[in-house]
Amino acid sequence: MLIKKIIILLVLLILPTKVFALIEVDITRGNLNPLPLAVSPLSIDDKSKKSFEKILKKENIGSEISIIVENNLRISGLFNPLNKDAFLQAPDIANLKPRFEDWNLIKAQALITGKVTYVDEKLRVEFRLWDVLAAKEMMALAFTTVPSNWRRVGHIISDKVYERLTGEKGYFDTRIIYVAEEGPKTKRIKKLAIMDQDGENNKFLTLGNELVLTPRFNPASQMVTYLSYFKNLPRVYLLDIETGTQEVVGDFPGMTFAPRFSPDGKKIIMSFAKDGKSDIYTMDLENRLVERITNHPSIDTSPSYSPNGKYITFNSDRSGYQQIYIMKNDGSNVKRISFGKGLYGTPVWSPRGDLIAFTKLHKGKFYIGVMRTDGTGERLLTENYYQEAPSWSPNGRVLIFYRETKTDNKGEGFSAKLWSIDLTGYNERLVETPTDASDPSWSSLLSN
Amino acid sequence: MILSKIFKNTLLVIMACLVLSACATKKEATIDSIGGQIQGDVYTGTEGVKYLADGVPDRVFFATNESILTTASRETLRAQAAWLRKNSDINVILEGHADERGTREYNLALGERRANSAKDYLMTYGISSDRISVLSYGKERPIDSGSTPLAWSKNRRSVTVKAN
């Protein structure tokens, strides 16, 4: 319903040419010198331009797509897209053969060029990535899709460029599901909302009649699991965002909460609270079998699988205070891994497998941090009055989380917003949303 | 006699120390200023408190991260139990809440634990578990939107609400 599958009809016009000493971007450290690059507006012929103007109500779809690419690359913090006013070469000619000395003059190290055409009621894009210093083509791709997918075209180009220049998958053709918030803190109205990773195409998925919390994407499909207070019974639900169908997960005599999918998308792991204790359970979505994973008088919650599905991290107060643990996926070998000062919660396993992101409370401050899966190498990325619930970008390089502000002495001035930060601790950014927002969850790449 | 004298003197010394330290640090001073409404991190005031019947307050309060009932909370719950015994047709929902200084999911569990600790106490005074249901709101429904220790103490609560 929301997204029509993009059709990649023609990929790889020309394979990447032989590698010399081509430019590369190191993303393992905080990048204080983003790579200067030029995004030449995608060229477009007059006839195509008029057709798209009619269909999409955009005067020049070529420039619009290149603006998406520019914004994505800028926001990543790794690239510095140069001002178009300085470009000397016309877009159509640059796409055929760049005059490298001109691009060199404005200090561009990489150049993106391309062309959009209207073919058989479809949008066809070709683009090229050039290494300006080596005067070489690094990549050329073309694909065709329905015109309404034009924003995704921009995101896919960004992902390809990011991948070619950093050696790692991008994260731009993705979406964020989150909770949109409105109204006073004591009577907050919360709705599920979804948007593209860059904040565009925002849509509300529920009306706000009941409290909803903690939506999470299925990494393998367009499903979402979340907590809803429908009929004042807090239960874990499953929502198909293409069809809008919802169903309650399992038949538990009490509150189920903190849901998350297994990496293959076939199970939901969650907490079930009864008689003052919360334990972790899984439900197989195919045969509906429920399995108990932990059995302890403490609070065990916020479970998250390792990417290979063999381990689970969660937080528990079995030591007396909230701390992070790992165990095997059957609940055996429970081991505490957080030993620093303060309380630790909301552990989430990185899609790369090597790190666990968490929220930490220490001396009245909240931190988002990461540690290795054995608890060593703790690094705190950001400190604030209140923030929690990190969610990883699919390439494991960026975390999105939410932050709340302190109210003034009249109890006013509360706000909740989404923020993102690099794994390096650099490039902290507000992710703009139409309303207040919390509980973000990052999708997988939509096109793979 | 000698012992009690020693005891008295020690007490005086301790009290003097307390007075001195209260003046010495700013932190002590703030606790003192809201002292009338918080005791040992638990709210003891009456703001927002409703009454199920005359002399039967609807809620009990908790210390940070705790679900242990204080002496005052037990007294409130005994009054609720007596009222429930008298009104055997009434069922209740115990709504458990947490303050804003904790992660959302943990607070949902903590609210459930607090409401259950009130439920257990009502049951020991003869109220059948069939008449009590538990609903946790975690930190989603504070009654005070402030970001102060006093506001947080009012929000750490279990509220008994009539279900019918």
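1. Helix 2 of chain A and helix 5 of chain A cross in a right-handed sense. This note concerns a predicted model, and the pair of helices serves as its starting point. The two axes lie 8 Å apart and make an angle of about 45°. Helix 2 of chain A and helix 5 of chain A are therefore classed as oblique to each other.

2. The residues behind this packing can be named. Helix 2 of chain A contributes I61(A), E64(A), I65(A), I68(A), V69(A), N72(A) and L73(A). From helix 5 of chain A come W150(A), R151(A), V153(A), G154(A), H155(A), I157(A), S158(A) and V161(A). By class, the contact of helix 2 of chain A with helix 5 of chain A holds nine nonpolar, four polar and two charged residues.

3. The domain division of chain A should be read alongside these helices. Domain 1 of chain A is assigned to residues 35-166 and domain 2 of chain A to residues 175-442. Their C-alpha centres are separated by 36 Å. Contact between the two domains involves five residues of domain 1 of chain A and eight residues of domain 2 of chain A. On the domain 1 side, helix 2 of chain A (residues 61-75) supplies the largest share, with three residues. That side of domain 1 of chain A comprises one nonpolar, three polar and one charged residues.

4. Chain B is built from five helices and eight strands. Their order along the sequence is α-α-β-β-β-β-β-α-β-α-β-α-β. Chain B has 164 residues, of which 40% are buried. When contacts in chain B between residues at least 6 apart in sequence are considered, 67% of them link residues at least 24 apart.

5. Within chain B, helix 3 (residues 71-86) and helix 4 (residues 104-124) have axes that come within 9 Å and cross at roughly 55°. This angle makes helix 3 of chain B oblique to helix 4 of chain B. The crossing of these two helices of chain B is right-handed. On helix 3 of chain B, the residues in contact are R74(B), L77(B), Q80(B) and A81(B), and their partners on helix 4 of chain B are A118(B), Y121(B) and L122(B). By class, this contact of helix 3 of chain B with helix 4 of chain B has five nonpolar, one polar and one charged residues.

6. Helix 4 of chain B also has a part in the interface between the chains. In total, 24 residues of chain B are in contact with 32 residues of chain A. Helix 4 of chain B and strand 7 of chain B (132-138) each provide at least two residues of the chain B side. The largest share of that side, 10 residues, belongs to helix 4 of chain B. The side of chain B that touches chain A is made up of eight nonpolar, eight polar and eight charged residues.

7. M255(A) offers a view of this interface from chain A. The residue is placed in strand 14 of chain A (residues 255-261). Leaving aside residues up to four places away in sequence, M255(A) touches P234(A) and A273(A) in chain A, together with L108(B), E112(B) and S136(B) in chain B. M255(A) counts as buried because 24 C-beta neighbours lie inside 10 Å, the cut-off for that class being 20 or more. Between M255(A) and S278(A), 23 residues apart in sequence, the C-alpha to C-alpha distance is 9.2 Å.

8. Two residues of chain A merit attention for their backbone angles. K363(A), a residue other than glycine, has a positive phi near 50°. K363(A) is found in the loop between strand 23 (355-362) and strand 24 (365-372) of chain A. K363(A) counts as exposed, because it has 6 C-beta neighbours inside 10 Å and the exposed class takes in residues with 12 or fewer.

9. D439(A) likewise is a residue other than glycine with a positive phi, near 50°. D439(A) is located in strand 30 of chain A (residues 436-442). D439(A) is buried, as 27 other C-beta atoms lie within 10 Å. Set side by side, K363(A) is exposed, whereas D439(A) is buried; K363(A) occupies a loop, whereas D439(A) occupies a strand.

Conventions
Residues are numbered from 1 along each chain as its sequence is written. Chains are lettered from A and ligands numbered from 1 in the order in which they are written. This is a predicted model: local features need pLDDT of at least 70, side-chain atom pairs count only at pLDDT 80 or more; totals for chains, interfaces and linings use all residues. Domain bounds come from an automatic or database domain assignment. Two residues are in contact if their C-beta atoms, placed from the backbone, lie within 7 Å. Helices (H or I, at least four residues) and strands (E, at least two) are DSSP runs, numbered from the N terminus. Ala, Val, Leu, Ile, Met, Phe, Trp, Tyr, Cys and Pro count as nonpolar, Asp, Glu, Lys and Arg as charged, and the others, Gly among them, as polar. Axes are lines fitted to C-alpha atoms, for helices over the stretch in contact, and angles run from 0 to 180 degrees between N-to-C directions. Angles under 35 degrees count as roughly parallel, over 145 as roughly antiparallel, 65 to 115 as roughly perpendicular and the rest as oblique. A crossing is left-handed if the near helix is turned anticlockwise from the far one by less than a right angle, and right-handed if clockwise.
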